[in-house]
Amino acid sequence: MNADCLFCKIIAGDIPSKLVHESETTFAFRDINPQSKVHVIVVPRTHYEDAAALAEDARLLADVLKAGAEVARVEGIDQSGYRFVFNTGDDACRTVFHAHLHVLGGEQLAGFGR
């Protein structure tokens, strides 16, 4: 845990959140500024600064992706489609320095990568 990290404080319960899913290694909660009808943040309980750092721990990265898929199932968007997004670096407009996966869906999302 990083004492100055917003997401570490959420995981610790110091800052309230709307829990969607949790496991031994992950914690998922609703984004306070949703970009789609379903917008859930999945974070590893262990602090990694970004997705590039998290990629060094393949097992934990897999846990984060599995948790994202479970969030999609729980939210009822697993059949209609959803998007996973990691923001890493300044050009991606990352604002929280704790690796996190955005799970987006529940509506037709703008085209990307076609």
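1. Let's start with the aromatics: F7, F27 and F29 are joined into a cluster by ring pairs. Keep in mind that this is a predicted model. Searching the whole structure turns up three aromatic pairs, and two of them are worth a closer look below.

2. Take F7 and F29 to begin with. Their ring centres sit 5.4 Å apart with the planes at 70 degrees, and since the edge-to-face label applies over 60 degrees, this pair is edge-to-face. In sequence terms the pair ties together distant parts of the chain: F7 belongs to helix α1 (residues 6-12) and F29 to strand β2 (residues 26-30), with the two positions 22 residues apart. Are these two rings buried or exposed? F7 has 6% relative accessibility and counts as buried; F29, with a relative accessible area of 4%, is buried too.

3. Now Y82 and F84. Here the ring centres are 5.3 Å apart and the planes make 50 degrees, so you'd call this pair tilted. On accessibility, Y82 comes out as partly exposed at 34%, and F84 is likewise partly exposed, at 31%. Set that against F7, which is buried at 6%.

4. On to the nonpolar packing. The largest nonpolar core has 16 residues, and the members touching the most other members are V40, V42, L54, V71 and V103. Where do its residues come from? β3 (38-44), α3 (58-74) and β5 (101-105) each put in at least two. Of the contributors, α3 gives the most, with five residues.

5. There is also another core, lying apart from that one. It has ten residues, including F29, I41, V43 and V96. You'll recognise F29 from the edge-to-face pair with F7, so that ring is worth having on screen when you look at either feature.

6. If you want one residue to centre your view on, try V103. What does V103 touch once its neighbours within four places in sequence are left aside? The list is V38, H39, V40, V42, G68, V71, I77, R83 and F84. Among them, V40, V42 and V71 are, like V103 itself, in the group that touches the most other members of the largest core. F84 is on the list as well, and that is the ring forming the tilted pair with Y82.

7. Last, a backbone item to check: C93 has a positive phi of about 65 degrees, although it isn't a glycine. C93 is found in the loop between β4 (82-86) and β5. With a relative accessible area of 61%, C93 is exposed.

Technical notes. Residues numbered from 1 in each chain as written. Predicted model: local features only at pLDDT ≥ 70, side-chain atom pairs only at ≥ 80, totals over all residues. Heavy atoms only, no water. Core = buried A, V, L, I, M, F, W, Y, C linked by side-chain atoms within 4.5 Å. Buried < 20%, exposed > 50% of the residue type's maximum accessible area, 1.4 Å probe, protein only. Helix = DSSP H or I, 4+ residues; strand = E, 2+ residues; numbered from the N terminus. Contact = heavy atoms within 4.5 Å. Phe/Tyr/Trp six-rings, centres within 6.5 Å; stacked < 30°, edge-to-face > 60°.
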